[in-house]
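This report goes through one structure, from a single loop residue to the barrel, the helices over it and the core. The structure comes first.

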Amino acid sequence: MTKIFDYLPPESCATGKRVVRNLIRVCVLLSFDFADGESQSARRQDMPARETEAIILKTFPLGEADRLVSFLGRSSGRLRGVASGARRLKNRYGSTLEILSHVQLWYVERETRDLVRIQQCELLESFHRAQSDYGLSTGLALISEISERVLPEQEVAEPMFRLLLLAAREVERRGSWQLPLAYFAFWTVRLGGWLPPLDRCAECGTGLGEHPGFHFSQSPGLLCENCRKPGMRPLSKRGRELAEVFAGKKLDQIELAGDLTKPLSELREVALSWIEFHTERRLQTREFLETT
Ligand SMILES: [Zn+2]
């Protein structure tokens, strides 16, 4: 199986300055380590801040002034944290907590709680156009919901991190979510190990050839015309060919020729169905796609 690493962009080079800053931080922390016993015990209560490159997945209001933030940290995995004062008009987070913002984030773990405390957040890359447009933000919302759904907490997920970033960048660059979302959903299924054979019926094994295969969210595979169940939707041969393009190319290198609206939406729908099947729940933002 082809690894997503082959198709995703190389590590962002925007991290150079931070490496220097990190070194300084490490030196400061080390100097504390050699301090006397009294300041050591003081530091143990207030654990040192961790730093990670992160993508903001979602935020919720918390109390009158705070926000609960779900984010995927490149070095921490998915975490939830509290951004104190983030709901106040003047706050130190600015636009860094917008959906799918690419940020550098500092947080403190608290021994007794699941939630981390977010200390500081700096914007690395803004997707302002996509975030402020209703239609585009619907695409971002579904990408965010899928990520929340499939990513376990506190597990580093480098391929998903790169996939998410690529999808958000492409929604912003193209000014449309159709292709990026279909690509994102397809690769989520693939990275999850959920992609069934697309060329034959999962029930009777007949080759699909020129004919469509059928799917819904109660089944993990494609069925043929004879085995299909009521309520199943088609994935045409063109949709399956598009899957091959997705599997072999980086999203930012795909330019679709001609009108591929239908196969694109078919492929997106089949991927969403399988994500729902394997996570055993409906995706709430899926239905909003129809209205954009
Ligand atoms: Zn069959």
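Serine 236 has 17 C-beta neighbours inside 10 Å and therefore counts as partly exposed, since a buried residue would need 20 or more and an exposed one would have 12 or fewer. The model in which this count was made is a predicted one. Serine 236 sits in the loop between β7 (233-235) and α7 (237-248). Leaving aside neighbours within four places in sequence, its contacts are Pro212, Pro263 and Glu266. For proline 263, the separation from serine 236 is 27 residues in sequence and 6.9 Å in space, C-alpha to C-alpha.

Glycine 192 is another loop residue, placed between α6 and β6 (213-215). Its 14 C-beta neighbours inside 10 Å fall between the two cut-offs, so glycine 192 is also partly exposed. With neighbours within four places in sequence set aside, glycine 192 is in contact with Val150 and His278. Its C-alpha atom is 8.8 Å from that of isoleucine 275, which is 83 residues away along the chain.

**Overall make-up**

The protein has eight helices and seven strands. Of its 292 residues, 34% are buried. Among contacts with a separation of 6 or more, 60% join residues 24 or more positions apart.

**The barrel**

Five strands close into a barrel, in the order β1-β2-β3-β5-β4, with mixed pairing. From one strand to the next the twist averages 50 degrees. In general, strands of a sheet pair through backbone hydrogen bonds, in either the parallel or the antiparallel sense. Both senses occur here, as the pairs below show.

| Strand pair | Sense | Bridges | Bridge partners or opposite residues |
|---|---|---|---|
| β2 and β3 | antiparallel | seven bridges | arginine 67 and alanine 83 |
| β3 and β5 | parallel | two bridges | valine 82 and arginine 117 |
| β4 and β5 | antiparallel | seven bridges | histidine 102 and glutamate 125 |

β2 and β3 form a hairpin, with three residues between them. Strand β3 covers residues 77-83 and strand β5 covers residues 116-125. Besides the valine 82 position in the table, glycine 81 stands opposite valine 116 in β5. Strand β4, residues 102-108, is the antiparallel partner of β5.

**Helices across the barrel strands**

Which strands does α4 lie across, and at what angle to β1 does α4 run? Helix α4 lies across β1 and β2 and runs at about 110 degrees to β1. Helix α5 lies across β1, β2 and β4, and its angle to β1 is about 65 degrees.

The length of α4 can be checked against its residue count. At 1.5 Å a residue, the 17 residues of α4 (residues 134-150) should span 24 Å, and the end C-alpha atoms are 25 Å apart, which agrees.

The buried residues of α4 are Leu136, Ser137, Gly139, Leu140, Ala141, Leu142, Ile143, Ser144, Ile146 and Ser147. For reference, an α-helix has 3.6 residues a turn, so residues three or four places apart point the same way. The buried residues of α4 pack against strands β1 (50-62) and β2 (66-73). They also pack against the helices α3 (128-132), α5 (158-174), α6 (178-191) and α8 (261-279).

**The nonpolar core**

Which residues touch the most other members of the largest nonpolar core? That core has 66 residues, and those with the most such contacts are Ile55, Leu164, Ala167, Ala185 and Phe186. The core draws at least three residues from each of domain 1 (29-126) and domain 2 (136-291).

Isoleucine 55 can be followed further. Leaving aside neighbours within four places in sequence, isoleucine 55 is in contact with Phe71, Leu72, Leu100, His102, Phe161, Leu164 and Leu165. Leu164 in this list is also one of the residues that touch the most other core members. His102, another contact of isoleucine 55, is the residue whose bridge partner in β5 is glutamate 125.

Conventions. Residues numbered from 1 in each chain as written. Predicted model: local features only at pLDDT ≥ 70, side-chain atom pairs only at ≥ 80, totals over all residues. Helix = DSSP H or I, 4+ residues; strand = E, 2+ residues; numbered from the N terminus. Expected span 1.5 Å × (residues − 1). Contact = placed C-beta atoms within 7 Å. Pairing = 2+ DSSP bridges. Axes fitted to C-alpha atoms, helices over the stretch in contact; angles between N-to-C directions. Core = buried A, V, L, I, M, F, W, Y, C linked by C-beta atoms within 7 Å. Domains from an automatic or database assignment.
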